[in-house]
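Here are some notes for a colleague who is opening this structure for the first time. Please read them with the sequence and the model side by side.

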Amino acid sequence: MIGEPGTKRHLFAEKLSKLLEVPHISMASLLRQELNPRSSLYQQIANALDQGKLVPEEIIFALLSKRLEDGYYRGETGFILDGIPRTRIQAEILDHITHVDLVVNFKCPQEDLVKKNLGARKLSSCQEYVFMNSSWTLNKLSPNEHVHNHAEECKMLEDYYRKQKKLLNFEVAGAPGETWQGLLTALHLKHINALSSSQKLTA
């Protein structure tokens, strides 16, 4: 799942995860788990965030690869990935790690983005992560700079998956319940109670 931060896609990812009985893998959550003094990566991640620097991509993909490998050995038959990739380069790296069937691109009406003041969120003690310039760091740019950079990254990422015919654009509008039903329809998931983990999302 990719798209605008203001679309609350993580909430829909969690609901789909339960519905399809596959794990919801959040990159932000994987990073938070490593912000533990007992973690071997704790110092590297904490230092980068404290200094406003990028968390190295080798760490990002090492965490993701380990999570996917652990899931494979546990018998997981799929996953819903949220928070990565955020750039075309990351998408290319991801293709070497695992197979992606479908990319749901969450869109927000332009007027809603302006209201949400994209990028202007408060951060404390490195507990929240904002994606900037191909990795995770504390947000120190103005809202306008954030919107511009985000738009450029999104376009290249969308083009990458569009050429692979894996991109499904989905506009978030209306109440959460309406959006959820719209998402199920877009994914052709009609018989909620009859779903099994063997079914795949298809556009």
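1. Asp-159 is partly exposed, with a relative accessible area of 23%, and in this predicted model Asp-159 forms a salt bridge with Arg-162, whose closest N and O atoms are 2.7 Å apart. Arg-162 counts as partly exposed as well, at 39% relative accessibility. The two residues are three apart in helix α7, and are therefore separated by about one helical turn.

2. Asp-159 and Arg-162 also belong to a network of salt bridges that links them with Lys-107, Lys-155 and Glu-158. Within this network, Lys-107 forms a salt bridge with Glu-158, the closest N and O atoms being 2.8 Å apart. Because Lys-107 lies in strand β4 and Glu-158 in helix α7, this pair ties together parts that are 51 residues apart in sequence. Lys-107 is partly exposed, with a relative accessible area of 27%, whereas Glu-158 is buried, with a relative accessible area of 10%.

3. The count of salt bridges comes to nine, and one of them joins Glu-76 to Arg-67, with the closest N and O atoms 3.2 Å apart. Here Glu-76 is partly exposed at a relative accessible area of 26%, while Arg-67 counts as buried at 17% relative accessibility.

4. Which side chain of opposite charge is nearest to Lys-166? It is Asp-95, at 4.8 Å, and Lys-166 is buried yet has no salt bridge, because a salt bridge requires a side-chain nitrogen within 4 Å of a carboxyl oxygen. The side chain of Lys-166 does make a polar contact with the side chain of Gln-164, at 3.3 Å. Lys-166 lies in the loop between α7 (143-163) and β7 (167-171), and, leaving aside its neighbours within four places in sequence, Lys-166 is in contact with His-99, Val-100, Asp-101, Leu-102, Val-103 and Tyr-161.

5. A search of the whole structure finds four aromatic pairs. The rings of Phe-12 and Phe-106 have their centres 6.0 Å apart and their planes at 15°, so this pair is stacked. The pair links distant parts of the chain, with Phe-12 in helix α1 (residues 9-20) and Phe-106 in strand β4 (residues 103-107), 94 residues apart. Both Phe-12 and Phe-106 are buried, and ring pairs link these two residues with Phe-170 into a cluster.

6. The rings of Tyr-160 and Tyr-161 are edge-to-face, because their planes stand at 75° with the ring centres 5.2 Å apart. Tyr-160 counts as buried at 11% relative accessibility, and Tyr-161 counts as buried at 1%.

7. Two residues other than glycine deserve a look at the backbone, namely Glu-21, which has a positive phi of about 60°, and Lys-165, whose phi is near 60°. Glu-21 lies in the loop between α1 and β2 (24-26) and is exposed, with a relative accessible area of 56%. Lys-165 is found in the loop between α7 and β7 and counts as exposed at 75% relative accessibility.

8. The peptide bond from Ile-84 to Pro-85 is cis, with omega near 5°, and Pro-85 is found in the loop between β3 (80-82) and α5 (88-97).

9. How many disulfides does a search of the whole structure find? The search finds zero. Among the cysteines, Cys-108 counts as buried at 11% relative accessibility, and Cys-154 is buried, with a relative accessible area of 15%.

Methods
Residues numbered from 1 in each chain as written. Predicted model: local features only at pLDDT ≥ 70, side-chain atom pairs only at ≥ 80, totals over all residues. Heavy atoms only, no water. Helix = DSSP H or I, 4+ residues; strand = E, 2+ residues; numbered from the N terminus. Buried < 20%, exposed > 50% of the residue type's maximum accessible area, 1.4 Å probe, protein only. Lys, Arg positive; Asp, Glu negative; His and termini not counted. Polar contact = N/O pair within 3.5 Å; in protein donor to acceptor, adjacent residues only side chain to side chain. Contact = heavy atoms within 4.5 Å. Phe/Tyr/Trp six-rings, centres within 6.5 Å; stacked < 30°, edge-to-face > 60°. Disulfide = S-S within 2.5 Å.
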